[in-house]
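Please open the model in your viewer, show the backbone as a cartoon, and keep a selection prompt at hand. The stops below go strand by strand, with a few single residues along the way.

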Amino acid sequence: MSLPGIGVPWIKAKIDTGAQTSALHATEIAEFERDGAPWVRFLVQPWQFTEDEAVPVELPVHDHRTVRSSSGHAQLRPVVLATIGLVGREIEAELTLTDREEMVFRMLIGREALRQGYVVDSDASFRGGRPPRAVRRRNRGLDG
């Protein structure tokens with residue numbers, strides 16, 4: 001999948017029907033004010049195991065949400081609106097920003113995004129096609 005509006009051509013994502021809102025791996029999250037409105041600055045690191053090609057992003061803060069992890073830990077996160085490229089379509093979705101460094105997937109796609117015309121087949125993987133071999137190797141830290 002991709003985040004074309006912020007210059008991320010590929011990021012490893014997982015469908016999570018247990019999550020209401022989508023979550024994006026972000027580092028150096030810093031909220032600030034621009035023209036009297038709340039904004040957030042952060043880095044998107046699309047590749048696992050490396051900070052190479054990290055994308056600096058600044059977006060308006062859409063909201064703040066308290067998100068509870070599967071372990072029960074609650075965290076207040078900034079929410080931004082972003083365009084997601086998913087299975088040949090582009091949709092706008094709310095993304096909570098959080099450090100997912102220790103997670104296998106850099107992004108989770110939640111129910112709110114999926115309600116925009118997607119059906120989940122729990123028996124299938126890679127419905128949008130597997131990424132090219134070079135992308136898969138790069139994400140595992142094997143090339144770069």
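Begin by selecting strand β8, residues 89–98, in this predicted model. Of the 10 residues in β8, seven are buried, so the strand is largely enclosed by the rest of the structure. If you colour by relative accessible area, the cut-off to set for buried is under 20%.

Keep β8 displayed and add strand β2, residues 22–25, which pairs with β8 in the parallel sense over four bridges. To find the register of this pairing, pick A23 and look across to T96 in β8, which stands opposite.

Next, add strand β7, residues 74–86, which runs antiparallel to β8 and is joined to it by eight bridges. Which residue of β8 is the bridge partner of L86? Selecting R89 shows the answer, since R89 is the residue of β8 that bridges to L86. From there, follow the backbone through the turn: β7 and β8 form a hairpin with two residues between them, and V87 in this turn has a positive phi of about 50°.

Now leave the hairpin and select strands β3, β4 and β5, which form an open sheet in the order β3-β4-β5 with antiparallel pairing. The edge strands of this sheet are β3 and β5 (55–60), each of which pairs on one side only. From one strand to the next, the twist averages 20°. When you switch on side chains, bear in mind that in a regular strand they alternate between the two faces of the sheet.

Within this sheet, restrict the view to β3 (residues 27–34) and β4 (37–44). These two strands pair in the antiparallel sense over six bridges, and a convenient place to check the register is T27, whose bridge partner in β4 is L43.

Two residues here deserve a look at their backbone torsions. Select E28, which lies in strand β3 and has a positive phi of about 50° although it is not a glycine. Is the side of the chain at this position buried or exposed? E28 is exposed, because its relative accessible area of 61% is over the 50% cut-off.

Finish at D35, in the loop between β3 and β4. D35 likewise is not a glycine and has a positive phi of about 50°, and with a relative accessible area of 81% D35 is exposed.

Technical notes:
Residues numbered from 1 in each chain as written. Predicted model: local features only at pLDDT ≥ 70, side-chain atom pairs only at ≥ 80, totals over all residues. Heavy atoms only, no water. Buried < 20%, exposed > 50% of the residue type's maximum accessible area, 1.4 Å probe, protein only. Pairing = 2+ DSSP bridges. Axes fitted to C-alpha atoms, helices over the stretch in contact; angles between N-to-C directions.
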